[in-house]
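Thanks for coming. I will go through one structure today, part by part, and you can follow along on the screen.

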Amino acid sequence: MDVRVSAGMAAAFRAATRADIPGIVALNDSTLPHVNELPMETWLRFVDGEASLRVAEDGAGGIAVLTAALPPGRDYGSHNYAWFQRRMARFLYLDRIVVAERLRRQGWGRAAYLDVFASAPDPAAPVACEVNLDPPNDSSLAFHGGLGFREVGVQDVPGSGKRVAMLARRPDGVAEPSLPGPDDGATLRRATAEDAGAVARQVAALRGGLDTEPTGVDAASIAGMLATGRLLALLAERPGEGAIGIAVVAGSHEGGGFGVLAGLHVAPSLRGRGTGARLVAAARREAMARGWRSLEATVPDAARFPAAKGFLAANGFVPAGARLRVLLA
Ligand SMILES: CC(C)(COP(=O)(O)OP(=O)(O)OC[C@H]1O[C@@H](n2cnc3c(N)ncnc32)[C@H](O)[C@@H]1OP(=O)(O)O)[C@@H](O)C(=O)NCCC(=O)NCCS
């Protein structure tokens, strides 16, 4: 498939052959740790038909772009592939997309996705992939967010030390709704003014834990702030239980450009299942969509909240002056 990219160039995508493998491996391995290494045996299985392995050349005989995608039902020992397989009946798993560094931000990545959707064996299946949250791959999060992918879960990849956001997008451009996962059974969504009561209860629970006066948490003032966008609240909900957690994000009072993670709370009986990490990941995504450069948080009092600083560090926050900060772009 030919797709126009910048400067009048057209990217011509085709199925990879065995002769492409040295160039493919060189391109793949230039991008570690954003994508992982694969043994030669797996590349050979991919090119021989286990995956749809596709490339576009750069005009000088090199490989400019590679994509590898697998339908359900393949014997592929990836925890991320298995995660989608457990939850989605139909999908095309995009195992990797790599654009040569010198060609980035010129439309090749977007062109590669047009080719992935156009050459998909099941034209109605959502495309699913993961992006690293830790170590963070903010370029890829921005890239996939811009293409309409949405987070449907988060997982800590066993044995890798990596935390990844699980993303999906349907071919018609509509994002997949959050998939309830066996990890926390929760779905995440942005609160509207109609959720003011649930938000007020979550904020009161958070304030209770902080042992401060629950001032300014009445539903009416929260409804007003949610309606005007002064406050952004992400609710985690479980079927039959309603809201079980919340992330509250506000624009900085100190001028534009960054946001503040003003509150994060998960019901005590449901902690340790990944809901907090999913809320932070969703808050990061929302902050990025607003064009903020960073999301900041107050350093928690270690004596009273011994786990909080480690939790924020595990979710990408690093010390910055008197606060903790995660850079978004
Ligand atoms: C992620 C990747 C494939 C994107 O490819 P690309 O060719 O640079 O992407 P495009 O030029 O088609 O970008 C399309 C849009 O995505 C967004 N985008 C891409 N890279 C971005 C970045 N670094 N920061 C912010 N937005 C970005 C922009 O909206 C961009 O449109 P614009 O340039 O008109 O603003 C490329 O950065 C890459 O190969 N990274 C290393 C490997 C990797 O991380 N793969 C993904 C693993 S999950």
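I will start with the ligand. The shell of residues around the ligand divides into 9 nonpolar, 9 polar and 3 charged. That shell holds 21 residues, and the closest to the ligand are H34, R104, G109, S139 and A142. Before going on, please keep in mind that this is a predicted model.

Which element gives the most to the shell around the ligand? That is α5, with 5 residues. Strand β5, residues 92–99, and helix α4, residues 108–118, also belong to the elements that each supply at least two residues of the shell.

Now the overall layout. According to the domain assignment, the protein has domain 1, covering 2–169, and domain 2, covering 187–327. The centres of the two domains, taken over C-alpha atoms, are separated by 32 Å. Each side brings residues to the contact: 10 from domain 1 and 10 from domain 2.

On the domain 1 side of that contact, the elements giving two or more residues are β6 (127–134), α5 (138–146), β7 (150–157) and β8 (162–169). The largest share of this side comes from α5, with 3 residues. By class, the domain 1 side has 6 nonpolar, 1 polar and 3 charged residues. So α5 comes up twice: it gives the most to the ligand shell, and it gives the largest share of the side of domain 1 that touches domain 2.

Next, a helix pair. Two packed helices are described by the angle between their axes and the distance between the axes. For α5 and α8, the angle is about 70° and the axes are 11 Å apart. That angle makes α5 roughly perpendicular to α8. From α5, the contact is made by L141, A142 and G145; from α8, by R285, M288 and A289. Sorted by class, the contact of α5 with α8 has 4 nonpolar, 1 polar and 1 charged residues. Note that A142 is in this contact, and A142 is also among the residues closest to the ligand.

Let me turn to the sheets. Strands of a sheet pair through backbone hydrogen bonds, either parallel or antiparallel.

One sheet is open and has 8 strands, in the order β1-β2-β3-β4-β5-β6-β8-β7, with mixed pairing. Which strands stand at its edges? They are β1, residues 2–4, and β7; each has a single partner strand, so one side of each is left without a neighbour in the sheet. On average, neighbouring strands here are turned by 30° against each other, direction ignored.

Within this sheet, β6 and β8 run antiparallel and are joined by 7 bridges. One example of a bridge is C129, whose partner in β8 is L167. Helix α1, residues 21–29, packs on the sheet and touches β3 (52–57), β4 (63–70) and β5, with its direction at about 90° to that of β4. Helix α4 lies across β1, β2 (10–15), β3, β4, β5 and β6, and runs at about 35° to β4.

There is also an open sheet of 7 strands, again with mixed pairing, in the order β9-β10-β11-β12-β13-β15-β14. Its edges are β9 (187–190) and β14 (318–320), each with a single partner strand, so one side of each has no neighbour in the sheet. From one strand to the next, the twist averages 35°.

In this sheet, β13 (residues 294–298) pairs with β15 (residues 323–327) in the antiparallel sense, over 5 bridges. Residue S294 stands opposite L327 in β15. Helix α8, residues 275–289, lies across β9, β10 (231–238), β11 (242–251), β12 (258–266), β13 and β15, and runs at about 35° to β11.

Last, some backbone details. Most residues other than glycine have a negative phi, and most peptide bonds are trans. The peptide bond from L32 to P33 is cis, with omega near 5°, and P33 is found in the loop between α1 and α2 (40–50). Another cis peptide bond joins D134 and P135, with omega about 0°; P135 is found in the loop between β6 and α5.

And where does R105 lie? It is in the loop between β5 and α4. R105 has a positive phi of about 60°, although it is not a glycine.

That is the end of my part.

Note on methods
Residues numbered from 1 in each chain as written. Predicted model: local features only at pLDDT ≥ 70, side-chain atom pairs only at ≥ 80, totals over all residues. Pairing = 2+ DSSP bridges. Helix = DSSP H or I, 4+ residues; strand = E, 2+ residues; numbered from the N terminus. Axes fitted to C-alpha atoms, helices over the stretch in contact; angles between N-to-C directions. Contact = placed C-beta atoms within 7 Å. Domains from an automatic or database assignment. Nonpolar A, V, L, I, M, F, W, Y, C, P; charged D, E, K, R; others polar. Near = placed C-beta within 6 Å. Parallel < 35°, antiparallel > 145°, perpendicular 65-115°, else oblique.
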